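Trainee: I am new to this structure and would like a close, careful look at a single part of it. Please begin with the pairing of charged side chains and follow where that leads.

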Amino acid sequence: MLCLFFTNIAFLQIPAYVALVVLGVWGVYLTVRNIIKYKAYKKMEFGIWAMAFLAMNLITALIHITDNFLINMLFIVFMCICFFMFYGVHTEPETNIKHELYTVARIFLYMVTLIQIAGIICLLCNVSYHNEWIDLIIYENRYTGLFINPNLSGFSSVVVVFCIHILTIHKFSSKNSDLPKTSRIWLATGLFISIFTLFLSDSNASLVLFLGYIIVFVITKFIASKGDYGRKQLVLRFISTFLAGVVIIFCTFFLRSVCQLGVAAVINSANEVVVNESDTLTELEDEEITFEHENANVDSGRFTLWSQAMTIFSHYPLEGIGKGNILKYSYDFFEDGLHFSNLYSGDFASLFATFTTDIHNAYITILVCSGVFGFFLFMMFAFRNGFSITRYLFIKGKSLEHTVFPCMFSFIVSYLMFACFEKAILYDISFMVIFFWFILGQITCYNFRERTLDQRDNLSFKQSIKPTLL
């Protein structure tokens, strides 16, 4: 997960990808170990749907065996790691998820905060770097810092906000556990820097993730305390929660606009150059920075992309085409290929574009890549998980108030909304995807590990199919 994070950082991207080759082999070993040692194939929560989805993807890859078969198989291997290793952590009884989650949260708090501070210093000092692959510190008129893309910068900032939140939970404080204390200075600095850089990156998808997290958490707290209210109070509480969500949205957009205007004014003023030419003052300015999308469309070209994707889907509706063939097949239907695919240039551009070209909607991507059958299987897996986790929230209610469960629940739900605008669930070997499966695995441990171990161990694969399906 850390190595995939470093692929988002300038100058560390190539070494991180090289390291991933080694870590990929290790990940395959750990996946096989989980399947054999912990019998994840029968114990994994709703694993039958996940395995059926993987089988459908294998069939798709075999149908299109003459087109990027090895790349499609690589994505299947990555999906196996996501399912059996990160999501499948609940099948490992000795893994201490509390310590693991706390350690990950602290690492990203320290690491991302320092990286973003370095980026802000470069921004204020007018330090930048540009080559064929990298644009620092401003990319397309938006703050990117030391990240290779503004959207990745924005997503990392939201991850830090989430990490800070769980580090402040009552049961994660040093007074109530054996975990080391996290400095309040780090927490306050990280929160300020993260929100500040999120606004400057102008990443609409990341802002959806940020707002979704806050609003869903408010609703989750309302659900957790539902037993304290009568019917009339329940209605009033629901209305007040809805209004609070509306206020949060408007205030966030207002603060983002103020932040962008204020910082842009400071930067543009500092970059202003005045020279004396024949006793006449001539003002020379670089391109003005506004920290807003250069693309005036709210969708940033996504509607065009989704329309093209549905055209491809209409020709392969049942089995799909496989992730590795999105770019290749797009040239069969569109003269210039898929929208945004022309962004990749230079050495190895064709191979890089094959891996990274995406539809920027996780659900449409699954539909196009695995067809109707694969989409149905994955959505059943997602629905059963969502129902199980939400049911646990309602059953436990107030007992979860001082745990990290509401935080993780809010992140998962908001991430599913975020996935409507980004390549963010499966078909992308990236930090965003692996972090989602890490959190999903952590939250699944809550209700799964409370069941009797003896009952699970005595189930054969055949006996486990019926309760899994139901």
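Mentor: A salt bridge is counted when a side-chain nitrogen of Lys or Arg lies within 4 Å of a carboxyl oxygen of Asp or Glu. The model is predicted, so local features need pLDDT of at least 70 and side-chain atom pairs count only at pLDDT 80 or more, whereas totals for chains, interfaces and linings use all residues. Residues are numbered from 1 along each chain as its sequence is written, and side-chain values use heavy atoms, with hydrogens and water left out.

The structure holds 4 salt bridges, among them the one between K323 and D358, whose N to O distance is 4.0 Å. D358 sits in the loop between helix 13 (349-356) and helix 14 (362-396), while K323 sits in the loop between helix 11 and helix 12, so this pair ties together parts that are 35 residues apart in sequence; helices here are DSSP runs (H or I, at least four residues), numbered from the N terminus. D358 has a relative accessible area of 5% and is buried, and K323, at 1%, is buried too, where buried means under 20% relative accessible area, exposed over 50%, and partly exposed in between (1.4 Å probe, protein chains only).

K323 also leads to an empty space inside the model, because a cavity is a set of points on a 1 Å grid over the protein atoms alone where a 1.4 Å probe fits but cannot get out, and a lining residue has an atom within 4 Å of a point. The search finds 3 cavities of 30 Å³ or more in the whole structure, and the largest of them has a volume of about 60 Å³, a volume being the space filled by probe spheres set on the points, which are joined across faces, edges and corners. K323 belongs to the lining of this largest cavity, together with N57, T60, A61, N72, F75, I76, M79, G322, C369 and Y427. Two or more lining residues come from each of helix 4 and helix 5, and helix 5 gives the most, with 4 residues.

Helix 5 therefore deserves a look of its own, since its 18 residues should span 26 Å at 1.5 Å a residue and its end C-alpha atoms are 25 Å apart, which agrees; the expected span is 1.5 Å times one less than the number of residues. N72, F75, I76 and M79, which line the cavity, are also among the buried residues of helix 5, as are I71, F78 and I81.

Just before helix 5 lies another of the paired residues: D67 is in the loop between helix 4 (47-63) and helix 5 (69-86), and its partner K328 is in helix 12 (residues 326-333), 261 residues apart. Their side chains meet at 3.4 Å, N to O, with D67 counted as buried at 15% relative accessibility and K328 partly exposed at 40%.

A further pair joins R302 to E422, with the closest N and O atoms 3.2 Å apart. R302 is in helix 11 (residues 302-315) and E422 in the loop between helix 15 (405-418) and helix 16 (431-448), 120 residues away. Both ends are covered, R302 being buried at 12% and E422 at 4%. As for helix 16, 17 of its 18 residues are buried, so it is largely enclosed by the rest of the structure.

Terms used. On a 1 Å grid over the protein atoms alone, a cavity is a set of points where a 1.4 Å probe fits but cannot get out, and a pocket is an open set with protein on both sides within 12 Å along at least five of seven lines; lining residues have an atom within 4 Å of a point.
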